[in-house]
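Hi,

Here is the structure I promised to pass on. Have a look at it first, and my notes follow underneath.

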Amino acid sequence: MAQETIEMVRFTVRPGAEEALVSDRPAMVEAVRAEFPGMLSARLAKLDETTWLELLVWTSREAAQRATEKAHDIPAVAAWLSHIAEVIGIERADVVVAEGR
């Protein structure tokens, strides 16, 4: 059985693009879900004044990898990614215990 994977993407946003990043996000998430049904949930958080965190939960590490390789070809995703100035890091972790679904 595949193990759920958490994907954590830390990034900065282009100057003046924070509002668009947030307002364009629902269309981006909907497009990713339509193309990659392995995405279970998505959360956007702000770590500090300049650093953001996209936290995604996938059905498996393979599902996360497939989306990473192909999502930029989806117009709504490409539009959302245009608001990002720099990706600081992408990490994945396999879920060991999950509660509170």
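Let me start with a single side chain: E18 has a relative accessible area of 32%, so it counts as partly exposed. One thing to keep in mind throughout is that this is a predicted model.

E18 has a partner. Its side chain meets that of K46 in a salt bridge, with 3.3 Å from N to O. The two come from distant parts of the chain: E18 belongs to helix 1 and K46 to strand 2, and 28 residues separate them. K46 is partly exposed as well, with a relative accessible area of 39%.

How many salt bridges does a search of the whole structure find? The count is four, and two others are worth a look.

One of them joins the side chains of R25 and E54, at 2.6 Å from N to O. Here too the pair links distant parts of the chain, with R25 in helix 1 and E54 in strand 3, 29 residues apart. Are these two residues buried or exposed? Both R25 and E54 are buried; the cut-off for that is under 20% relative accessible area.

The other is between R61 and D94, whose side chains meet at 3.2 Å, N to O. R61 sits in helix 2 and D94 in strand 4, so this salt bridge ties together parts that lie 33 residues apart in sequence. R61 has 34% relative accessibility and therefore counts as partly exposed. D94 is also partly exposed, at 35%.

Now for the framework that carries these pairs. Four strands form an open sheet in the order 2-3-1-4, and the pairing is antiparallel. At the edges you will find strand 2 (39-46) and strand 4 (84-94), each of which pairs on one side only. On average, neighbouring strands in this sheet are turned by 15 degrees against each other, ignoring direction.

If you want a spot to zoom in on, try strand 1 (residues 5-13) and strand 4, which pair in the antiparallel sense over nine bridges. Within that pairing, I6 stands opposite A93 of strand 4.

As for the helices, helix 2 (residues 61-70) packs on the sheet and touches strand 1, strand 3 and strand 4. Its direction makes about 160 degrees with that of strand 4. Helix 1 (residues 18-35) lies across strand 1, strand 2, strand 3 (52-58) and strand 4, and runs at about 170 degrees to strand 2.

Over to you, and shout if anything is unclear.

Cheers

Terms used
Residues numbered from 1 in each chain as written. Predicted model: local features only at pLDDT ≥ 70, side-chain atom pairs only at ≥ 80, totals over all residues. Heavy atoms only, no water. Pairing = 2+ DSSP bridges. Axes fitted to C-alpha atoms, helices over the stretch in contact; angles between N-to-C directions. Contact = heavy atoms within 4.5 Å. Buried < 20%, exposed > 50% of the residue type's maximum accessible area, 1.4 Å probe, protein only.
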